[in-house]
Amino acid sequence: MFTGAAVLLGVTAGQAQAAEVSYATKCVPPSGIGLPDVNGTTKVDITAPATAKVGDTVDIVWKFTQAASKNPDIIDLPANSVQPSGTLKAAGAQSADIAMQGTRENPAIPKGGAMTLSDMKGTLKLTAAGQVTLTPDAYVVNALSTDTRCAPTEAVQPSATITVTAGEGSSGSGSGSPSSSTSPSSSQSQSQSPSSSPSTTPGTTPSASQSGGDSGQTDFTGKVVDIPYTCASPIGEKKATSPIQINAKKDGGSYALTVQFKKSVMDSPIDIPAGKVKPTMQIVLGGADTGSVTVEGPLNSATIPQGEPIAIPDLTGVYKPGATGDSTLSPGVLTIEAMGTTTTCTPDSTAVSLTLNTAEQASGASGGSGSSSGGTTSTSGGLAETGSGDHGTLKALGLVAGTAILLGGAVFTFMPGRRVR
């Protein structure tokens, strides 16, 4: 018994006397999603050595026993999609702001569920003898490339104290200079700028060689047009521009369509498993014909790593003309479904990529909406209406790529360069 007690004393003596602290906190959600600020309570345990010497660098752990805000009722957060970072205040014998950083490790968090945050860690170099208190301060919760910022709204009590003795060659006096601390990685809150402005003037008429007027021609190559999109997902809004090309192959009276995105519209905020991303687009008909044609791509065949671009594969569908004459095809609304979420990208303006000299077919597209898609399911119920929706106006975006997703550049980031087949 005596031996066991001695062992226990030996273990606990090495850690600072810590106590859970609880403090009122205000959390500000990401802008653009229409959610109000949250006033809640944060509960934290700080672990650090009970004693140390001047010159030592000590390891400190911040453990959340309760975060101030819950996951909003917008989207289920996948496992390993949330990462905390924050600041710990050192005071007493020396003053310092200690940068604390957690890992992106969490269980799946359902809509409205409590936020489960990983432990944050940091270090402090001790510069003066005496008592050094450690007090939790503001923190940031990064989820799917968006930041929720939380800060105390009242004075916070210290959670741990380190007794610092004079080290060898140290006088042990003076407050010492604050320890340097590295702020949490800015890559979690930095958004990439949208891709450069379009190089192709919208509305430019395709060259005559793209017309389907030549008798016997079966393959038609569209013009690459730069389409500026506004993409809305459950976590926010992004803008991006992507070069798009519409090609056609005549088969009887109908046309097999292939749409190619020359640039990805977004980076993946998390690792997305294979078979979880599905893109769909509406091609807008004009000229002699009216209505739209639905084209869609396959599910992603491989995992999309966090931070990697979400490439839009070739989208295919069938156009059955509903009118005779010169019919134009232009890129329209793009929808990406990923891991139970939907991102909708609406063109700010569009341009004709392909003109075909068509002949009216029975039950063709003219006046319809997606009726010429040849069995492809229309997007009814799958596309979020621009300007409508929950939690304020979320306009069209490329999601998720990963839940995360789309147009050129976090839950998605807009990026350069498409993997061309």
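**Exercise 1. Which residues do ring pairs link into a cluster?**

Start by keeping in mind that this is a predicted model. Ring pairs join Trp 62, Phe 64 and Tyr 139 into a cluster. For the wider picture, searching the whole structure turns up five aromatic pairs.

**Exercise 2. Classify the pair formed by Trp 62 and Tyr 139, then place both residues in the chain.**

Step one is the geometry. A pair of aromatic rings is described by the distance of the centres and the angle of the planes. Here the centres of Trp 62 and Tyr 139 sit 6.2 Å apart and the planes meet at 75°. Planes over 60 degrees apart count as edge-to-face, so with its 75° the pair of Trp 62 and Tyr 139 is edge-to-face.

Step two is the location. Trp 62 belongs to strand 4 (residues 57-66) and Tyr 139 to strand 8 (residues 130-143). With these positions 77 residues apart, the pair links distant parts of the chain.

Step three is the exposure. The cut-off to use is under 20% relative accessible area for buried. Trp 62 has 0% relative accessibility, so Trp 62 counts as buried. Tyr 139 has 2%, so Tyr 139 is buried as well.

**Exercise 3. Do the same job on Phe 220 and Tyr 255: work out the type of ring pair, the strands and the burial.**

First, the ring centres of Phe 220 and Tyr 255 are 6.0 Å apart, with planes at 65°, so this pair is edge-to-face. Next, look up the strands: Phe 220 is in strand 11 (residues 219-220), while Tyr 255 is in strand 14 (residues 254-261). The pair therefore ties together parts that lie 35 residues apart in sequence. Last, both Phe 220 and Tyr 255 are buried.

**Exercise 4. Go through the salt bridges of Lys 26, Lys 89 and Lys 249, naming each partner and how exposed the residues are.**

The structure has eight salt bridges; let's take these in order.

- Lys 26 meets Asp 37 at 3.5 Å, N to O. Lys 26 is in strand 1 (residues 21-28), and Asp 37 is in the loop between strand 1 and strand 2 (38-47), eleven residues apart. Lys 26 has 36% relative accessibility, so Lys 26 counts as partly exposed. Asp 37, at 37%, is partly exposed too.
- Lys 89 pairs with Asp 97, and their closest N and O atoms are 2.9 Å apart. With a relative accessible area of 32%, Lys 89 is partly exposed. Asp 97 is partly exposed at 39%.
- Lys 249 meets Asp 219 at 3.2 Å, N to O. This pair links distant parts of the chain: Lys 249 is in strand 13 (residues 236-251) and Asp 219 in strand 11, 30 residues apart. Lys 249 comes out partly exposed at 44%, and Asp 219 partly exposed at 45%.

**Exercise 5. Where does pLDDT stay under 50, and how should those stretches be read?**

Begin with the whole chain: its mean pLDDT is 75, and 69% of its residues reach 70 or more. Then pick out the weak stretches. Over residues 169-214 pLDDT stays under 50, and the model has 93 contacts beyond four places in sequence for them. Residues 368-421 also stay under 50, with 232 such contacts in the model. As for reading them, predicted coordinates should not be taken in detail where pLDDT is low.

Definitions and conventions. Residues numbered from 1 in each chain as written. Predicted model: local features only at pLDDT ≥ 70, side-chain atom pairs only at ≥ 80, totals over all residues. Heavy atoms only, no water. Phe/Tyr/Trp six-rings, centres within 6.5 Å; stacked < 30°, edge-to-face > 60°. Helix = DSSP H or I, 4+ residues; strand = E, 2+ residues; numbered from the N terminus. Buried < 20%, exposed > 50% of the residue type's maximum accessible area, 1.4 Å probe, protein only. Salt bridge = Lys/Arg side-chain N within 4 Å of Asp/Glu carboxyl O. pLDDT = per-residue confidence, 0-100. Contact = heavy atoms within 4.5 Å.
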